[in-house]
Amino acid sequence: MEARESRVEIDRLERGLLLGRGSDDGSEPADENDNFDEEEPVLYSASFDEAEENFVNYQTAHWVLYSLLLILAWGIGLLMLLYLPVRRYILRKDIRSRKLYVTPNAIVYRATKPVPFPCFGVLRKEKHIILPSVADVVIEQGYLQSRFGVYSIRIENVGVRRPPSDDVQIQGIANPRAFRKAVLSRLSNMRSEVFSGQGSNIEDTPNLRTGYSSAAPMSPSKFFRQDSSSHVGDLVILQKIEEVSSSVKRVQTLIEGQQSQTSEPTATDQGKQYKYARAPGPLH
């Protein structure tokens, strides 16, 4: 529960940094439902329409296979087969509502999925992945997916390696290679902009020797640190945030492992002491 809350807090911080509306006192944005399209232009928009039928058929086959197995085991699969028309309706509404696009600073994914009983409402999901935190876009296709022509993409993060469950996974994208090319192209352009900014700042370093003979000349590195653009500083801060959150998760895992290891020997020692106390003395 704490890990989920921390992940939600990190996502909220990332969005606040992207929108540029976060205040120093930690106040929230005025409206959580503001459209991100109004803040930044869309460089590339992925499509799910062409793969809708294949995606629904793939998920239907997946559902039927599980239903048949459960019929042989407990008979619950019969109820799952009766639920199949509702399941297909939910899948179509889900994939038709999906939006995945690339902005100059982030990857944005939105989806609206009905609950298992659609009469009770829908579930809305919105994810913002900052581009500097993206390591790669992996295209995956299993055996059953290949039979229906369905692809999945997984967006990997940089920094300390996190479990695959923390990566964003999306199924049913129509042209995953074009999306991957758009993301990597934008990342390449951002890196080239950073490097060109570094070179221009170093080349434009003023010569301070004239008129300031008593003062020590300023080194190019100091001048760059003072006059570097805010964009470069934001990239470093966001990468640090990712590394700190990953380190906190690793420390929590190590602490839990140590607590479980220390509890097991204690129970074993108590059992040994009880055994020695009940053992008979030596025969004379």
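# A guided tour, starting at helix α2

Begin by selecting α2, residues 52-73, in this predicted model: at 1.5 Å a residue, its 22 residues should span 32 Å, and the C-alpha atoms at its ends are indeed 32 Å apart, so the expected and modelled spans agree. Keep α2 selected and colour its buried residues, which are Glu-52, Phe-55, Val-56, Tyr-58, Gln-59, Thr-60, Ala-61, Trp-63 and Ser-67. An α-helix has 3.6 residues a turn, so residues three or four places apart point the same way. If you now display the neighbours, you will find that the buried residues of α2 pack against α3, α4, α5 and β7. Beyond the helix comes Gly-75, which follows α2 and has a positive phi, near 85°.

Before going further, zoom out to the whole chain. The protein chain has eight helices and seven strands, and of its 284 residues, 30% count as buried. Among contacts with a separation of 6 or more, 58% are between residues 24 or more positions apart. With the surface switched on, the protein chain exposes about 18900 Å², of which carbon and sulfur atoms supply 56%.

**The aromatic cluster**

Return to α2 and select Trp-63 together with Tyr-83 and Phe-117, since these three residues form one aromatic cluster. Trp-63 and Tyr-83 make a tilted pair, with 5.9 Å from centre to centre and 40° between the planes. Because Trp-63 lies in helix α2 while Tyr-83 lies in the loop between α3 (77-82) and α4, this pair ties together parts that are 20 residues apart in sequence. Both Trp-63 and Tyr-83 are buried.

Move on from Tyr-83 to Phe-117: the centres of these two rings are 6.4 Å apart and their planes stand at 65°, so the pair is edge-to-face. Here, too, distant parts of the chain are linked, with Tyr-83 in the loop between α3 and α4 and Phe-117 in the loop between β3 and β4 (122-130), 34 residues apart. Phe-117 itself is exposed, with a relative accessible area of 54%.

**The nonpolar cores**

Next, select Leu-100, Ile-107, Phe-179 and Val-183, which are the residues with the most contacts inside the largest nonpolar core, a set of 26 residues. At least two residues of this core come from each of α2, α4 (84-97), β2 (99-102), β3 (106-114), β5 (134-140), β6 (152-157), β7 (168-171) and α6 (176-203). The largest share, four residues, is supplied by α6. In soluble globular proteins, nonpolar side chains tend to be buried together.

Centre the view on Phe-179 and show what surrounds this residue: leaving aside residues up to four places away in sequence, Phe-179 touches Tyr-44, Ala-46, Leu-100, Val-102, Ile-107, Val-137, Ile-153 and Ile-173. A second, separate core has five residues, and Trp-63, Met-80, Leu-84 and Ile-90 are included in it, which brings you back to the tryptophan of the aromatic cluster.

**Two buried arginines**

Now select Arg-154, which lies in strand β6. Because its relative accessibility is 12%, Arg-154 counts as buried. Show the side chains around Arg-154 and look for two polar contacts: one of 2.9 Å with the side chain of Glu-140, and another of 3.4 Å with the side chain of Asp-167.

The other arginine to select is Arg-110, in strand β3, which is buried with a relative accessible area of 15%. A polar contact of 2.9 Å joins its side chain to the side chain of Tyr-101.

**Two partly exposed residues**

Select Tyr-151, in the loop between α5 and β6. With a relative accessible area of 22%, Tyr-151 is partly exposed. Tyr-151 and Ile-139 are twelve residues apart in sequence, and their C-alpha atoms are 7.0 Å apart in space. Beyond residues up to four places away in sequence, Tyr-151 touches Ile-139, Glu-140, Gln-141, Ile-170, Gln-171, Gly-172, Ile-173, Pro-176 and Arg-177. Among these, Glu-140 is already familiar as a partner of Arg-154, and Ile-173 as a neighbour of Phe-179.

Finish at Ile-241, whose place is in helix α8, residues 230-278. Ile-241 is partly exposed, with a relative accessible area of 24%. To end the tour, draw a distance from Ile-241 to Ser-133: these residues are 108 apart in sequence, and the distance from C-alpha to C-alpha is 9.8 Å.

Technical notes: Residues numbered from 1 in each chain as written. Predicted model: local features only at pLDDT ≥ 70, side-chain atom pairs only at ≥ 80, totals over all residues. Heavy atoms only, no water. Core = buried A, V, L, I, M, F, W, Y, C linked by side-chain atoms within 4.5 Å. Buried < 20%, exposed > 50% of the residue type's maximum accessible area, 1.4 Å probe, protein only. Contact = heavy atoms within 4.5 Å. Phe/Tyr/Trp six-rings, centres within 6.5 Å; stacked < 30°, edge-to-face > 60°. Polar contact = N/O pair within 3.5 Å; in protein donor to acceptor, adjacent residues only side chain to side chain. Areas by Shrake-Rupley, 256 points an atom, 1.4 Å probe, with all protein chains shown as cover. Expected span 1.5 Å × (residues − 1).
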